[in-house]
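Here's a quick look at side-chain contacts, starting with aromatic rings and moving on to charged pairs. Have the structure open while you read.

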Amino acid sequence: METTLKDLERVPWRELQDSTGAATAIPTLLTAITSGDEETAVDALARLRQRICQYGFVVDQATAATVPFLWELAQLPQVACRVQILRLLKNIADARQWESTAMAYPKLLNRRENYVGWEREARRAVREHRGTLQRLLAEPDKDVVQATRDLASALAD
């Protein structure tokens, strides 16, 4: 699914859950990341991370819907926190908290909230955009290239 930040309004954020409840703040945080001000961008990304990949490994329902926008931001040279965005995508690609827990406690699969499904959808969303990796590996910024390599390793089948 190809998206741009212009498509933010097409996502039903009110109907999606993040770690705080309704995911209505996500569009504002994604937009703040493009502000051009490094401090603002880093702060917005940190707050976004808490909502969609808490502790670096717990994803929520809104995570998969947010991933295409993260891929877009990672490709924009003017975004000050591209390396951190790539690391967040890697964390999402590696997320297996709920799946691992459900193996030990299968009753988790019977909950109204579909944590395992959300986690799988989030990982799938990261994988759907792996075609972007080649472009990021050609970047002049060595830190972006290294973060991209790390992400590529997480996506290796």
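## Aromatic pairs

Searching the whole structure, which is a predicted model, turns up 2 aromatic pairs. Take Trp13 and Phe69: their ring centres sit 6.3 Å apart with the planes at 45°, so this pair is tilted. That angle lands between the 30 degrees below which planes count as stacked and the 60 above which they count as edge-to-face. In sequence terms the two are distant, with Trp13 in the segment before β1 and Phe69 in helix α3 (residues 63–74), 56 residues apart. Trp13 and Phe69 are both buried.

Then there's Tyr115 with Trp118, an edge-to-face pair with 5.3 Å from centre to centre and 80° between the planes. These two belong to helix α6 (residues 115–128), where a spacing of 3 residues puts about one helical turn between them. Tyr115 and Trp118 are both buried as well.

## A salt bridge between strand and helix

Now for the charged side chains: the count of salt bridges comes to 6. One of them joins Asp18 to Arg51, with 2.9 Å between the closest N and O atoms. Asp18 is in strand β1 (residues 17–18) while Arg51 is in helix α2 (residues 38–52), so this contact ties together parts of the chain that are 33 residues apart in sequence.

Is Asp18 buried or exposed? Its relative accessible area is 4%, and since anything under 20% counts as buried, Asp18 is buried.

## A salt bridge within helix α2

Helix α2 also has a salt bridge of its own, between the side chains of Asp43 and Arg47, at 3.9 Å from N to O. With a cut-off of 4 Å, that distance still qualifies as a salt bridge. Both residues lie in helix α2, and their 4-residue separation is about one turn of the helix.

How accessible are the two partners? Asp43 has a relative accessible area of 40%, which makes Asp43 partly exposed. Arg47 is partly exposed too, at 44% relative accessibility.

## Asp7 and Arg10

The salt bridges also include Asp7 with Arg10, whose closest N and O atoms are 3.2 Å apart. Here the partners fall into separate accessibility classes: Asp7 counts as buried at 16% relative accessibility, whereas Arg10 counts as exposed at 66%. The cut-offs behind those labels are under 20% for buried and over 50% for exposed.

Note on methods:
Residues are numbered from 1 along each chain as its sequence is written. This is a predicted model: local features need pLDDT of at least 70, side-chain atom pairs count only at pLDDT 80 or more; totals for chains, interfaces and linings use all residues. Side-chain values use heavy atoms; hydrogens and water are left out. Buried means under 20% relative accessible area, exposed over 50%, partly exposed in between (1.4 Å probe, protein chains only). Rings of Phe, Tyr and Trp (its six-membered ring) pair if their centres lie within 6.5 Å; planes under 30 degrees apart count as stacked, over 60 as edge-to-face and the rest as tilted.
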